[in-house]
Amino acid sequence: MTLFSTNRIRGLALALIAGAALATTPIHARADAGFKSWIADFYPTAAKAGISRSTYDKAFAGITGPDRAVLEKAAYQPEFKSQVWDYLDSRVNPYTVQIGQQMLSKHGRTLSALERHFGVDKHVLLAIWSMESNYGAVLEKPDRLHHVPQALATLAWGDPKRAKFARTQLVSALKILQSGDITPGHLTGSWAGAMGHTQFIPSSYLLYKFDADGNGSADIWNSIPDALATSANLLAKNGWQTGKTWGYEAVLPRGAAKYDGQTKTLAQWAALGFARPNGKPFPRPSDRAELKLMAGAGGPAFLMTRNFFVIKRYNAADTYALAVGLLADQIAGFGGMQQRWPRPDGTLDVAEKFELQTKLKQLGYYQGEIDGNFGSGSKAAISAIQQRLGMEANGEPSHHLLKALR
């Protein structure tokens, strides 16, 4: 008598063959099937929000799998925190100021009209445009753009940390498509769904969109007036105070660091010994301001007024709002900061970074933009010239290297 019947042996063989086939099925193919199943299952949720079947099908037409680049970018989020001066150097520098002033000249009529309509400083709008998309330059880089419904569906399907956010934003993105403001092929954005010249997430776009050019749609992807107007509308609706600044650089009196985070009138701050570096009195002494020590007691002080916190409705980081304010002031023709940040010995300030990049380019080691940002191209150039000079080829900018090149 055999241990297994003929039928059992045949069944076992078939199971082994099926298992082997499954094992050899490409991982991507299984992921694509799972993603397509998720898309099918999500439609009832979208339908409850008023999304038609036609809109849903158009949003995902031709999409056969997740956007794997989105998951890669979501997984690679460095945990380091840059110092405030490094953050500002890369965003508030001669390059961003120069381009901002060029854009002010080019779009001056539009910006002045928006300033009159919304009461928001046009220089602040330019600074936000710079911060969000480098004055639209990011939109010209295909590798930085993703189809928004696919990107958000990918996050909702494959990233548990961001799934709730992505599901909400996906519904909002579908509402944008259904409104007719943009076609499916042009609904592009960042890996996390931020869209257009001024990088609005879908839900914020729906809240603040504004058709400034009068063509019937708020096209923040292709219409600069619409993009800037949508940003102005956000600031205005969140309490922007027309004709007032975002804050003041101040000299921190000895022993006054204990007031960090406190709010007083400018007159009260002046009475405690706070003063502007240029020696001028604070305008509007009755205005209230919060003390911010962005680099601790060893750095400059800032007295932040209402508009600083309105800018934070765009991005909640203090450093972001400070960068917008400082860049706006310089685009407007006001001077930059008068006090130095407490940088470690041997590190470069923003002017020195530009000088080093310029010298690297003059010597033929660097071919990129002179923008003060030390990315892979700049670091490779530094490493090459360090090697030539007999230095440690670590690719890091330093006073030692700059002095050698001088």
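Me: Is Gln169 buried or exposed?

Reply: The general idea is to look at relative accessible area, where under 20% counts as buried. This is a predicted model, and in it Gln169 has a relative accessible area of 4%, so Gln169 is buried.

Me: Where is Gln169 placed, and which residues is Gln169 in contact with, leaving aside its neighbours within four places in sequence?

Reply: Gln169 belongs to helix H10, residues 163-179. With the neighbours within four places in sequence left aside, the contacts of Gln169 are Leu152, Ile201, Pro202 and Ser203. One of these, Leu152, is itself listed among the buried residues of H9.

Me: How many residues of helix H9 are buried?

Reply: The idea used for one residue can be applied along a helix. Helix H9 covers residues 148-158, and nine of its 11 residues are buried, so H9 is largely enclosed by the rest of the structure. The buried residues are Val148, Pro149, Gln150, Ala151, Leu152, Ala153, Thr154, Leu155 and Ala156.

Me: What is the relative accessible area of Phe35, and what is Phe35 in contact with?

Reply: Phe35 is found in helix H2, residues 27-48. Its relative accessible area is 0%, so Phe35 is buried. Leaving aside neighbours within four places in sequence, Phe35 is in contact with Ile63, Gly65, Pro66, Gln150, Ala153, Thr154 and Trp157. Gln150, Ala153 and Thr154 also appear among the buried residues of H9.

Me: How many Å separate the C-alpha atoms of Phe35 and Gln330?

Reply: Separation in space and separation along the chain are read as two values. For Phe35 and Gln330, the C-alpha atoms are separated by 48 Å, and the two residues are 295 residues apart along the chain.

Me: Gln330 is in H15. At roughly what angle do the axes of H6 and H15 cross?

Reply: To read a helix pair, take the axes, then the angle, then the residues that meet. The axes of H6 (residues 94-106) and H15 (residues 318-331) come within 9 Å and cross at roughly 60°. That angle makes H6 oblique to H15. The crossing is right-handed. On the H6 side the residues are Thr96, Val97, Gly100, Gln101 and Leu104, and they meet Leu327, Gln330 and Ile331 in H15.

Me: What is the order of the strands in the open sheet?

Reply: Strands of a sheet pair through backbone hydrogen bonds, in either a parallel or an antiparallel way. Here an open sheet of four strands has the order S3-S6-S5-S4, and its pairing is antiparallel. The edge strands, S3 (247-250) and S4 (263-265), each pair on one side only. On average, neighbouring strands of this sheet are turned by 30° against each other, direction ignored.

Me: How many bridges join S4 to S5, and which residue is the partner of Thr265?

Reply: Three bridges join S4 to S5 (residues 288-292), and the two strands run antiparallel. The bridge partner of Thr265 is Arg288 in S5.

Me: How many helices and strands are there in the whole protein, and what share of the residues is buried?

Reply: The protein has 18 helices and six strands. Of its 406 residues, 45% are buried. Along the principal axes, the C-alpha trace spans about 105 × 60 × 45 Å. Among contacts with a separation of 6 or more, 65% are between residues 24 or more positions apart.

Me: What is the average pLDDT, and where does pLDDT stay under 50?

Reply: The pLDDT is the predictor's confidence in each residue. The protein averages 91, and 92% of the residues score at least 70. Over residues 1-25 the pLDDT stays under 50, and the model has three contacts beyond four places in sequence for that stretch.

Notes:
Residues numbered from 1 in each chain as written. Predicted model: local features only at pLDDT ≥ 70, side-chain atom pairs only at ≥ 80, totals over all residues. Heavy atoms only, no water. Pairing = 2+ DSSP bridges. Axes fitted to C-alpha atoms, helices over the stretch in contact; angles between N-to-C directions. pLDDT = per-residue confidence, 0-100. Contact = heavy atoms within 4.5 Å. Buried < 20%, exposed > 50% of the residue type's maximum accessible area, 1.4 Å probe, protein only. Parallel < 35°, antiparallel > 145°, perpendicular 65-115°, else oblique. Left-handed = near helix turned anticlockwise from the far one by under 90°.
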